[in-house]
Amino acid sequence: MKSILEWHIEGTRFGIHCDTDGLLFAGEAGTQLTWMDARTGDVPATPRPGKPVEIQALWYNALRIAQSFAQRFGM
């Protein structure tokens with residue numbers, strides 16, 4: 001879990017990284033990354049690069065779980 005969080009903070013494919021405000025930023029031109037994005041053929045119809053709210057909810061939850069584990073197991 002720690003490694004997953006570290007990779008997201010540092011950056012992964014598709015421009016996914018933790019921005020200076022602590023939120024995850026995701027997306028590059030022509031990509032479809034979340035289940036809320038629609039694609040027609042090879043063209044994203046509703047591209048949403050940036051900080052989609054559903055991704056932030058998952059990110060916050062992952063951070064809280066990691067915090068809980070760290071406190072519980074002294075990591």
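**Figure 1. I16 and the residues around it.** Setting aside neighbours up to four places away in sequence, I16 is in contact with H8, G11, F25 and A26. Everything shown here and in the later views comes from a predicted model. I16 itself sits in the loop that links α1 to β1. Is I16 buried or exposed? With a relative accessible area of 18%, I16 is buried, because anything under 20% counts that way. Also worth finding in this view is L33: its C-alpha lies 9.8 Å from that of I16, and the two are 17 residues apart in sequence.

**Figure 2. F14, in the loop between α1 and β1.** Stay in the loop between α1 and β1, and you'll come across F14. What's unusual about the phi of F14? The phi is positive, at about 65°, although F14 is not a glycine. As for its surroundings, F14 counts as partly exposed, at 33% relative accessibility.

**Figure 3. Stepping back to the whole chain.** Before zooming in again, here's the overall layout. The protein has two helices and four strands, and reading along the sequence gives the pattern α-β-β-β-β-α. How much of the protein is buried? Of its 75 residues, 23% are buried. Contacts also reach across the sequence: taking those between residues at least 6 apart, 32% join residues at least 24 apart.

**Figure 4. Where helix α1 meets helix α2.** This view brings together α1, made of residues 2–10, and α2, made of residues 53–73. Their axes come within 11 Å and cross at roughly 135°, which means α1 is oblique to α2. The crossing of α1 past α2 is left-handed. Which residues do the touching? On the α1 side look for L5, H8 and I9; on the α2 side they meet W59, A62, L63 and A66. Sorted by kind, the residues of this contact come out as six nonpolar, one polar and no charged.

**Figure 5. W59, a buried residue of α2.** Now pick out W59, which is found in helix α2. At 7% relative accessibility, W59 counts as buried. What does W59 touch? Not counting residues up to four places away in sequence, W59 touches L5, H8, I9, C18, G22 and L24. L5, H8 and I9 belong to α1 and take part in the contact with α2. L24 is 35 residues away from W59 along the chain, yet their C-alpha atoms are separated by 7.2 Å.

**Figure 6. L24 and its many partners.** Follow that last contact to L24, which is found in strand β2, residues 24–25. L24 is buried, with a relative accessible area of 7%. Which residues is L24 in contact with, leaving aside neighbours within four places in sequence? They are H8, H17, C18, G50, K51, I55, Q56 and W59. Another residue to look for here is V53, which lies 29 residues from L24 along the chain, with 9.7 Å between the two C-alpha atoms.

**Figure 7. Q56, seen from the helix side.** One of the partners of L24 is Q56, so it's worth a view of its own. The place of Q56 is in helix α2. Q56 is buried, with a relative accessible area of 11%. Leaving aside neighbours within four places in sequence, Q56 is in contact with L23, L24 and K51. K51 turns up in the contact list of L24 too.

**Figure 8. The largest nonpolar core.** To finish, several of the residues from earlier views come together. Which residues make up the largest nonpolar core? There are five: L5, L24, I55, W59 and A66. Helix α2 gives the most to this core, with three residues. Two residues of this core, L24 and W59, should look familiar: both are buried, L24 with a relative accessible area of 7% and W59 at 7% relative accessibility. L24 is in contact with I55 and W59, while W59 also touches L5. L5 and A66 appear as well among the residues where α1 meets α2.

Conventions. Residues are numbered from 1 along each chain as its sequence is written. This is a predicted model: local features need pLDDT of at least 70, side-chain atom pairs count only at pLDDT 80 or more; totals for chains, interfaces and linings use all residues. Side-chain values use heavy atoms; hydrogens and water are left out. Axes are lines fitted to C-alpha atoms, for helices over the stretch in contact, and angles run from 0 to 180 degrees between N-to-C directions. Angles under 35 degrees count as roughly parallel, over 145 as roughly antiparallel, 65 to 115 as roughly perpendicular and the rest as oblique. A crossing is left-handed if the near helix is turned anticlockwise from the far one by less than a right angle, and right-handed if clockwise. Contact means heavy atoms within 4.5 Å. Ala, Val, Leu, Ile, Met, Phe, Trp, Tyr, Cys and Pro count as nonpolar, Asp, Glu, Lys and Arg as charged, and the others, Gly among them, as polar. Buried means under 20% relative accessible area, exposed over 50%, partly exposed in between (1.4 Å probe, protein chains only). A nonpolar core is a set of buried Ala, Val, Leu, Ile, Met, Phe, Trp, Tyr and Cys residues joined through side-chain atoms within 4.5 Å.
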